[in-house]
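Colleague: Please take a close look at the salt bridges in this model. I would like the partners, the distances and the surroundings, set against the chain as a whole.

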Amino acid sequence: MRNWPRVLSLSGPEMLFLAHCLAVVSAVRLGLTLSSYNRVRILVNRLEARNDAGIADLRRVAWGVAAAARFVPGASCLTQALAGQYLLARQGNASKIRIGIERDTGVELKAHAWLVSGNHIVLGGSIDGFAHLVDHGQ
């Protein structure tokens, strides 16, 4: 548990936000395990989100979700993208989940998910080397 010293060094508000992110990532992971992506996506998209998030909000959500995902077994890129989209939507900030497949992988299909807000990739890393399939969200 090499992450504990970092967690214990967080300020009170940072620790509370991380705990909130941990709850959201865990709930999304459980939802994807017990249900389908479309059902979880519909629940996340029920929140009205029309605003553009500021870069500070995007960084905070990216940090919180990525940090929380380290504690949740099986928290895939899709789990993280949905959790981040929910957290942004709770603040009224619009985002979308972009799904793509890796190019030139031969017979094995490798999919990946990103959380995108405006022109910013919030979670998921670089889109280079992937073919865009679909966007879901506001």
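Modeller: What follows starts with the whole chain, goes through the salt bridges, and ends with some residues elsewhere.

The model is predicted: local features need pLDDT of at least 70 and side-chain atom pairs count only at pLDDT 80 or more, while totals for chains, interfaces and linings use all residues. Residues are numbered from 1 along each chain as its sequence is written, and side-chain values use heavy atoms, with hydrogens and water left out.

The protein chain has five helices and four strands. Both are DSSP runs numbered from the N terminus, a helix being H or I over at least four residues and a strand being E over at least two. In sequence order the pattern is α-α-α-α-α-β-β-β-β. The radius of gyration is 15 Å, close to the 14 Å from the globule rule for 138 residues, so the protein chain is as compact as a globular protein of that length. Here the radius is taken over C-alpha atoms, and the rule is 2.2 Å times the number of residues to the power 0.38. The C-alpha trace spans about 45 × 35 × 30 Å along its principal axes.

Now the charges. There are 15 positive and 9 negative side chains, with the centres of the two sets 7 Å apart. Lys and Arg count as positive and Asp and Glu as negative, without His or the chain ends; each charge is placed at NZ of Lys, CZ of Arg, CG of Asp or CD of Glu. A salt bridge requires a side-chain nitrogen of Lys or Arg within 4 Å of a carboxyl oxygen of Asp or Glu. By that rule the count is three.

Two of the bridges involve D135. The side chains of D135 and K96 form one, at 3.6 Å from N to O. This pair links distant parts of the chain, with D135 in strand β4 (residues 130–137) and K96 in strand β1 (residues 96–102), 39 residues apart. D135 also forms a salt bridge with R98, at 2.9 Å from N to O. R98 lies in strand β1 and D135 in strand β4, so this pair ties together parts that are 37 residues apart in sequence. K96, R98 and D135 are thus linked in a network of salt bridges.

How covered are the partners? The scale is relative accessible area: buried is under 20%, exposed is over 50%, and partly exposed is in between, with a 1.4 Å probe and protein chains only. D135 is partly exposed at 28%, and K96 is partly exposed at 25%.

The remaining bridge joins E48 to R50, with 2.9 Å between the closest N and O atoms. Both partners are exposed, E48 at 59% and R50 at 67%.

R98 also leads to two other places. It is in contact with I127, as are W114 and I121, when neighbours of I127 within four places in sequence are left aside; contact means heavy atoms within 4.5 Å. I127 is in the loop between β3 and β4 and is partly exposed, at 26%. D128 is found in the loop between β3 (120–123) and β4, and counts as exposed at 67%.

The other place is L82, whose C-alpha is 10 Å from that of R98, across 16 residues of sequence. L82 is in helix α5 (residues 77–90) and is buried, with 0% relative accessibility. Residues up to four places away aside, L82 touches V28, L32, Y37, V40, R41, V44 and I97. One of these, V44, is in helix α3 (residues 37–44) and is buried at 5%. V44 in turn touches L82, Q85 and Y86, again not counting residues up to four places away.

For the chain overall, buried residues make up 40% of the 138. Of the contacts between residues at least 6 apart in sequence, 69% join residues at least 24 apart. The accessible surface is about 8,100 Å², 55% of it belonging to carbon and sulfur atoms; areas come from the Shrake-Rupley method with a 1.4 Å probe, and for residues only the protein chains shown count as cover.
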